[in-house]
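Trainee: I would like to test some structural labels against their cut-offs. Can we go through them one at a time?

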Amino acid sequence: MTSDSGSWWIDDPISTPDDESLGRMPFVRRVAELLDEIASRPSSTVVALVGPWGSGKTSTANLVLDALDPDQWGISRLNPWAMGSAEAIVAELLGAIRSSLPKKAKEARKKLKSYAAYAAPLLSLIPVAGDTLKDVSDMALKRLEGESTLQAQFEQLSDELRSLARPILVFIDDVDRLQPDELLALFRAIRVLGRLPYVHYAVAYDQRTIVDLLKATPIAREREDRALAFLEKIVTLRIDQPLIRAEQSELLFNDGLTKLLTDLQATLGNEERRRLSDEWELLLSADLAEPRSVSRFIAQLRVYLPLVGLGDVDLVDYLVVTHLRSMYPAAYQALAADRSWLAASAGYGDDSCLAPWRDGSRLAKMELPAAQHDRLLAAIQRLFPVLKPAERREVRRRGVNNPDYVDRYFTFVLGEADATDAVLLNAMRDWSRGQAGTGTDLLISMLTPNAEDRDACARSASVIRRLEALTDQLPTNDAEILLRNVLRYLPLPAGPGLVLGGPDAAVISWISRLLLAVDDVDVPSLLAVIDGRGIPALVDFLRSLPDRKPSAEVGRLSRLLDESAEHGWQAFLGHVESGDAAPDAPTESLFALVENLLGTKETDRRLRSAVDDGTSISGLAARLVRVGAEVSSGQPVIIDLDAASLIQRLGDARVLEGRPALEADAGSETVDRQDLAWASRRRTAARLLVDALANPSRSRVPSLPTDVPEPFTNYRVNPLEAPNGEVPDLGISVTVLVSAGESLPMTNLAAPGPFGDEREAIIQNELRNGGVNHWLEVTAATAWPLIADQWQISDGGDGRTVTKAAVALRSKDETTTGGWRQETPILAGAQIRTGATNPGGVEPFLVADFAVGLWLTELTADRRPDPRRHDSRPLPAALSLAELYTLLIEVMTGAIRSAAVLHARLIERGEPEPSMIIKVAMEAGTGVDAVVDLSKEERVGTGGSRPQIQVGHFRFSTPDAQDVDKFNEQARSAVLALMGEWLLRSGYRRYEDVLLSLPGG
């Protein structure tokens, strides 16, 4: 088949050896030799050239016929597909034989014409070239008068052909395109009427199709064995078309794609090449194994890629979607119908509606063969990683799983209101350079959507997300000016009900990207722009600030964060001082953002200082009152204030001193929860503070400490050895630093101590006998149908400073085949790092990371493998609060004790330190209420529980056998504080008694 990029739409077979590029000429010559050998015998032979559709059978036949000597052979071609009836096919077959006879064989032609009149009743209606209608009618009349018989005519013709002794070859193509009755007529004609001396046939077909056609005839009656037996009676010699080698089909694909990209002036990046290679191996190669299928696929790309634009799609994704459209139209239509949810769920929202895609039932309805079903499902899961269990929901730039681009893969053209990435990039450049025009107008319209128009908000959010992705292509100067322009339009509407978030969330993310793109941020001028927009704009700006990185502590980012934090604090304090007449503003959010920038310790200092300087406690507390939606009506109401926590932060003495003023502010009248005025919030806050002062149990549930250094703020290690880095449904991690310090040592200096095998043996021994292992082997083993393996070194590191180890709990049922998540739903890991802060190991340290991960989504209530994945809240295998408490206690205390032992044994000159700093983190990717059964607890609001991660920093004395009770009490307090904070921030209320009732609580 032709591969010229200038005529890519042509699907013609090749006809000369010069066009052959698949290395089939040796095969062609061998077939020609066989035919020459057959030609020496008078017996009629039927040669079948068998190969799948599109494998190039016609091209092979052309080359074979070209290789035969025309002086020796009489050659004719027949394509019965266009004949239209069985009688016409018989007539055309005999006509093809007649046309192959030399002109001088007049008697043979005459005999064949007479035989044809007997063999094909309808031939009397189809004059042959050179015949008159009267001649044909006379022959038909003789047949009716009985002057001869079909057998007599056959014998006369056979004698004439035998004496002529000239081999004839009739090549019959496209046999597999006939209808069943037409196919039967052709084969019968060849078998009964066409087996003439020196007359040979070459038929080309796809056997699978031929068998299916024969099964539809009375010959086979739906039985494949009968169809094959009939085929064997017809075909004398079967010759299989050589399969194209894998590397050849890949070469055809690569050549075609390269020519296409060259014509489009496009190139592939390294990552795209890697993904394309993967898709070829995993999906495309199985379906594009033949030349025709490759060329038709490339033709599809040539039609549609210029239409959609390479700059507005991910090329690899587009190739895969195009392939699905061509080869699996039912699957493509199903994806098109569900595309909004498939893409939207990549980053947000409840995606339980995608369960039929995850478990394959959506494809099962399409009745695909098993091999195709699995391969296709895997390809769709690569397009939409959200369909993979526990997969990171990363949205590809311009990918089909990007909700802002997904329509382009199915509608092919941009909507009237849409714009290409090139247009958006130019619009940003024009706006930053003060150039008015349609591009600038477009950006302004995106930053000023009608808050009441849901469609307008959705489009605004989509375009802004795309603008953010294009920001890295802007020069630094353009980014700085663009940043100021954008800030003038804060705050943007939230766009309630939008699955992917509204313009407010999109612009916050975009501002964050712009801040990173500017080399030297002029913070005062930016804050001056924000000042004119009010506290809501300031809140959005603070939300957009990038995370503080260690490398930027003394750089521009540090100055940006520090000055913004100070500005936010002053704005908060100014609002408090404005009293009840202050405008409505999200002060609770402002305070939380400022605290995140300043740190809890500094924020508490400022709160105390403000009260000492005369700021009203009730006025300050009013700004921290939470407002939310009432569960029953959805109306905004006053929810609560964490009065006990505020008292702890201010100090009991200050609050007790201000109690008379609080009681005066509280008043005696009933507070209307739907009255959101500051006076109403102030009375609510004052009343809750007075009640908390009178509640003797408020101090029984400990709060997270605020005076502990946080050396692990930007430190994160995942010692779990989960396949593909899959995230557990519930993860508990503990990091211990010995000796305690304000910051985490980051040196590579090795501490004096054992190394190599000895170091690893010490670590393994302590892990096997430590507290973490006690939970795995005793506590978990009694509550789970699992068996604990032994701790093994998973990574020896350099043998001196870093060592990793891992252990798994595997199912007791050896027949479990549900995948590793069901066979080993609990994994544990540890990483031990030792070092010194100065040469010679004078100040050695140890950092020990311990983690336990639980995978619960595919387990039943008895914690055994379940054939389906669960999305319920709580999950069937969810832990109780008591189980979570036990897990935290044992992992935390075990980590602390093991760290102390390892510090003493792995560092030769290290004396046991009096204290250590630990970080405990609990993480639930789908919310705490999914992995812990909190169905009986009270929670405000209707959304999913948050936060997903809760972190606490604690200072511990090194465990000592002489002070076990003190250590255990300290550990219990830390766990209760951590759990209490997680429940509080996840929206749960009045949980104190439940926590205090836990063992040891």
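Mentor: What follows is a set of questions about a predicted model, each settled by a value and a cut-off.

Trainee: What makes up the protein chain, in helices and strands?

Mentor: The protein chain has 40 helices and 17 strands. Of its 1001 residues, 50% are buried. Take contacts between residues at least 6 apart in sequence: 74% of them join residues at least 24 apart.

Trainee: Why is Asp691 called partly exposed?

Mentor: Its relative accessibility is 46%. Buried needs under 20% and exposed needs over 50%. Asp691 falls in between, so it counts as partly exposed. Its place is in helix H33.

Trainee: How far is Asp691 from Ala643, in sequence and in space?

Mentor: They are 48 residues apart in sequence. C-alpha to C-alpha, the distance is 8.6 Å.

Trainee: Ala643 is in helix H30. What makes H30 roughly perpendicular to H33?

Mentor: Helix H30 (residues 643-650) and helix H33 (residues 678-694) pack at about 75 degrees. Roughly perpendicular covers 65 to 115 degrees. The angle lies in that range, so H30 is roughly perpendicular to H33. Their axes are 9 Å apart.

Trainee: Which residues meet there, and how do they divide into nonpolar, polar and charged?

Mentor: From H30 come Ala643, Ala644, Leu646 and Ile647. From H33 come Leu688, Leu689, Ala692 and Leu693. The division is 8 nonpolar, no polar and no charged.

Trainee: How do you know that the buried residues of helix H24 are on the same side?

Mentor: In H24 (residues 523-531), the buried residues are Val523, Leu526, Leu527, Val529 and Ile530. They cover an arc of only 155 degrees around the axis, which puts them on the same side of H24. The general background is helix geometry: with 3.6 residues a turn in an α-helix, residues three or four places apart point the same way.

Trainee: Which H24 residues does Phe541 touch?

Mentor: Leu527 and Ile530. Beyond its neighbours within four places in sequence, Phe541 is also in contact with Leu487, Leu490, Ile511, Leu515, Leu560 and Ser564.

Trainee: What makes Phe541 stand out in the largest nonpolar core?

Mentor: Its contacts. Phe541, Val507 and Trp510 are the residues with the most contacts inside that core, which has 81 residues. Helix H26 (residues 556-577) gives the most to this core, with 8 residues. A second, separate core has 75 residues, including Leu859, Leu881, Leu887 and Val928.

Trainee: Why is helix H2 called mostly covered?

Mentor: Count its buried residues. In H2 (residues 57-67), 9 of 11 residues are buried. They are Lys57, Thr58, Ser59, Thr60, Ala61, Asn62, Leu63, Val64 and Leu65.

Trainee: What covers the buried residues of H2?

Mentor: The cover includes helix H1 (25-39) and four strands: S1 (46-50), S2 (74-78), S3 (168-172) and S4 (199-205).

Trainee: S4 brings up Tyr198, in the loop between helix H7 (180-193) and S4. What is notable about its phi?

Mentor: Phi of Tyr198 is near 65 degrees, a positive value in a residue other than glycine. Most residues other than glycine have a negative phi.

Trainee: Is Tyr198 buried or exposed?

Mentor: Relative accessibility is 13%. That is under 20%, so Tyr198 counts as buried.

Trainee: Which residue in the loop between S13 and H37 has a positive phi?

Mentor: Arg863, which is not a glycine and has a phi of about 65 degrees. Its place is in that loop. At 8% relative accessibility, under the 20% limit, Arg863 counts as buried.

Trainee: Where is Pro874, and what is its peptide bond from Arg873?

Mentor: Pro874 is in the loop between strand S13 (844-854) and helix H37 (881-906). The bond from Arg873 to Pro874 is cis, with omega near -5 degrees.

Trainee: Which peptide bond is cis at Ser739?

Mentor: The one joining Val738 and Ser739, with omega about 5 degrees. Ser739 lies in the loop between strand S8 (730-738) and helix H34 (756-769). Most peptide bonds are trans.

Trainee: Last one. Why is Ser277 called partly exposed?

Mentor: Its 38% relative accessibility lies between the 20% and 50% limits, so Ser277 counts as partly exposed. It is found in helix H11 (residues 270-287). Ser277 and Val316 are 39 residues apart in sequence and 9.5 Å apart in space, C-alpha to C-alpha.

Conventions:
Residues are numbered from 1 along each chain as its sequence is written. This is a predicted model: local features need pLDDT of at least 70, side-chain atom pairs count only at pLDDT 80 or more; totals for chains, interfaces and linings use all residues. Side-chain values use heavy atoms; hydrogens and water are left out. Buried means under 20% relative accessible area, exposed over 50%, partly exposed in between (1.4 Å probe, protein chains only). Helices (H or I, at least four residues) and strands (E, at least two) are DSSP runs, numbered from the N terminus. The arc is that of the directions from the helix axis to the C-beta atoms. A nonpolar core is a set of buried Ala, Val, Leu, Ile, Met, Phe, Trp, Tyr and Cys residues joined through side-chain atoms within 4.5 Å. Contact means heavy atoms within 4.5 Å. Axes are lines fitted to C-alpha atoms, for helices over the stretch in contact, and angles run from 0 to 180 degrees between N-to-C directions. Angles under 35 degrees count as roughly parallel, over 145 as roughly antiparallel, 65 to 115 as roughly perpendicular and the rest as oblique. Ala, Val, Leu, Ile, Met, Phe, Trp, Tyr, Cys and Pro count as nonpolar, Asp, Glu, Lys and Arg as charged, and the others, Gly among them, as polar.
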